[in-house]
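User: I am new to this structure and would like a careful look at one part of it, with its surroundings explained along the way. Please take me through it step by step.

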Amino acid sequence: MLWISAHETRRAMSALSAPAAPERLADTEHAAFLAQAASLRIELLADKAARESLGAACREIQEALALHLHARHLGDELSAREHLRGAAQACAAQLQLVEPQSELRVFTCAQAMQALACAQTFESFLTTGTLGAKPVPSADWTARAPQLAPRADGPPAAAPASAVSATEPRARFLDTEWLHGMISAAHEIGRYAQRRGAAGDAASVAAAAAAVGALQEGLLAFNLRNGPLRQAFDSLKYVVRRCADTLYELALFDDDAAALARAAQGASRPAVSVLVDMAALDAARAAYEDEDEARELAIKRARDVQKLAKNAIFALHRADAPRAAEQLRQATELSASILRDIARAHTSLRGAPFVRAMLEELAEARLFEAWLGGARLLARDAPAFGGVRLEPSEYLGGLGDLIGEVARVAVAKATVRDAPTVLSARGCALAVLELALSLGTAWPRRVEGKLPALRTAITKLDQLIYEHALRERSGRRTQQVEWQPEGGTKEAESEPIE
C-alpha cells in the first residue's frame, strides 16, 4: 500500500489552482421571452391536470360499463341497470366540464362515451328488440324503440322526453361516439345470439340477425374515410355473418327455426327504419359528409400555409426579406381564416394533426424572421403572429424547429468568421433550453422529441465557437462542422418548395 504523508498531501493541494468560474452566457435580449415561462407552466400544468382528472374519471366509467355488460350477459338485469345508471350519471357530470367539440371531449372522453352508447344500445335491443332511438348520456335515459317518420298527411309527432332533454350540446353524444357505440353493441348482440343459439332459441337469434343486419344496411350509406370508424364498420360484417350462420344451423334441426330463417331472408323481415333510428342516422351521415368535406378543404389550405412558411424560411436564408415578408403575410392571413372557419362550424378539427403542423411551421417562420431581424425571440402573445392564437404545444414546437434554422445560419456565418452571429445563435439556443428546463414536466409530450435535437444543436454551436477561437489564436485550419438537419441532408433542405 502506498502511504502519503500529511505534509505531502498539503504540498500537493497547495500546487492545485482553482478553475475559473463559467463565463456568463445569459443574453439580456431574451429577458422578455424567458419571462413567459411562469405563465406557460401554469397553463400547461392546468391542462395536464384536467386531462389526467378526466382520463381517470373516464376509466372508472368504462369499468362500470364493463360490469354492466358482464351482468347483462349473465342475466343479472337489476345489477346491470344499476351499473348503467351510475355510469350514465358520471358521464353526464364529466360532460359539464368540457366543451362539446373540444380536444378533451373528442380524444379523452371518446372511449367512455362509446362504451356508454354501446351499453345503452344493447339495453335497447334486449328491451325492445331494436337498436333503439339515439340515446342520451343521462341517468334518466330509458330504452325505447326508434320513432317512425310521421305520414305526410298526419299530425307532427311529439318529441320524446329524452330528445327534449338532449337540446343542451354537452348532454348529447357526438355522432362518431354513437356510431362506434352501435357497432360495439352489435358485437355484444352477436355474443348474445350465439348463447341463445346454444339454448335453441331461434327467435332470439333471428331478432339479433335482423338488428345487426339493419345496422349494416344503414351504415352502407356512409362514405367512410380510412380511420377508426371505417375499421369498426368493416368488423360488422363478421357479426352479421355469424348470426346468419347460427340461424341457418338451427334451421337444420328445427322447423320453426327454418321458417324464421326464411323470413329473415325474405320480404317479411322488419324494415331498417323499424330497427334503427334512421332519422338520427341520416342526420349523422349528413353531418359526417359536411365535416369530411370541410376537413379535406382545410387540409389543402393548411398545406398551402406550410408551403408559404417553408418558402419564407428559404427566402430568409437567402437574405430575400421582402419576399419572405409577403409569404409570411399570406400564410398568417390564411391561417387565421382556417381557424375562423373551424371555430365557426367544425371545432373538432382544431386539434387535428394537420392544423397543429400548420401552426408549428408558421410559428417557426415568424420566430426565425424575428431572430434574423433583431436577434430576439418572440413570446407566444407577440403581435408578430398576426393575431393567430397558438396553443402552448404549437408555439413550443415552432421554437424547437427554430433552433435548426438558427444553427444553419451560424454554420454559414462561421465560414466568414462572423463570431457575433455565431454567439447570438448559441444565446438563442440556450434561451430556448432554459425555457424548456423551466417548464420541466409541464413540457408537452407532443414536442418532447425536440429536446434532444436542441441539446445537440448547442453542442455543435459550442464546437463552432471553439474552432473559431482556435483559428483566431493560431491561424491553424480545423475541420469545419457541417450542420445536418434531422432526417435529411443539407442539400435537400436548401431547395424551396414549389
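Which helix gives the largest share of the lining of the second largest pocket?

Analyst: The largest share of that lining, six residues, comes from helix 3. Before following this helix further, please note that the model is predicted, that local features need pLDDT of at least 70 and side-chain atom pairs pLDDT 80 or more, while totals for chains, interfaces and linings use all residues. Residues are numbered from 1 along each chain as its sequence is written, and side-chain values use heavy atoms, with hydrogens and water left out.

The second largest pocket holds about 1100 Å³ of space. Among the 37 residues that line this pocket, Asp47, Arg51, Glu103, Ser393 and Arg446 are the closest to its centre. Two or more lining residues are given by each of helix 3, helix 5 (103-108), helix 16, helix 17 (419-439) and helix 18 (450-474). Helices here are DSSP runs (H or I, at least four residues), while strands (E) need at least two, and both are numbered from the N terminus. A pocket is found on a 1 Å grid over the protein atoms alone, as an open set of points with protein on both sides within 12 Å along at least five of seven lines, whereas a cavity is a set of points where a 1.4 Å probe fits but cannot get out; lining residues have an atom within 4 Å of a point. Grid points are joined across faces, edges and corners, and the volume is the space filled by probe spheres set on the points.

Helix 3 also takes part in the lining of a cavity. The structure holds two cavities of 30 Å³ or more, and the second largest of them has about 30 Å³ of space. Its lining is made by Cys58, Ile61, Cys91, Gln94, Leu95, Cys109, Ala112 and Met113, and the elements giving two or more of these residues are helix 3, helix 4 (77-95) and helix 6. In this cavity the largest share, three residues, comes from helix 4, whereas in the second largest pocket the largest share comes from helix 3.

Helix 3 is further tied to helix 6 by a pair of charged side chains. Side chains of opposite charge can pair when their charged atoms come close. Glu123 forms a salt bridge with Arg72, and the closest N and O atoms of the two are 2.9 Å apart; the term stands for a side-chain nitrogen of Lys or Arg within 4 Å of a carboxyl oxygen of Asp or Glu. Because Glu123 lies in helix 6 (residues 110-128) and Arg72 in helix 3 (residues 37-73), the pair ties together parts that are 51 residues apart in sequence. Both partners are buried, Glu123 with a relative accessible area of 3% and Arg72 with one of 13%, where buried means under 20% relative accessible area, exposed over 50%, and partly exposed in between, with a 1.4 Å probe and protein chains only. Salt bridges that share partners join Arg72, Glu77, Arg81 and Glu123 into one network, and the structure holds 28 salt bridges.

Another salt bridge joins Asp175 and Lys134, at 3.0 Å from N to O. This pair links distant parts of the chain, 41 residues apart, with Asp175 in helix 8 (residues 175-198) and Lys134 in the loop between helix 6 and helix 7 (161-164). Asp175 counts as partly exposed at 25% relative accessibility, and Lys134 is partly exposed as well, with a relative accessible area of 23%.

Returning to the pocket, two of its other contributors deserve a closer description. In helix 16 (residues 392-414), 20 of the 23 residues are buried, so this helix is largely enclosed by the rest of the structure. At 1.5 Å a residue its 23 residues should span 33 Å, and the end C-alpha atoms are 33 Å apart, which agrees; the expected span is 1.5 Å times one less than the number of residues. Helix 17 contains Pro420, which counts as exposed at 59% relative accessibility. The C-alpha atoms of Pro420 and Ile465 are separated by 9.9 Å, although these residues are 45 residues apart along the chain.
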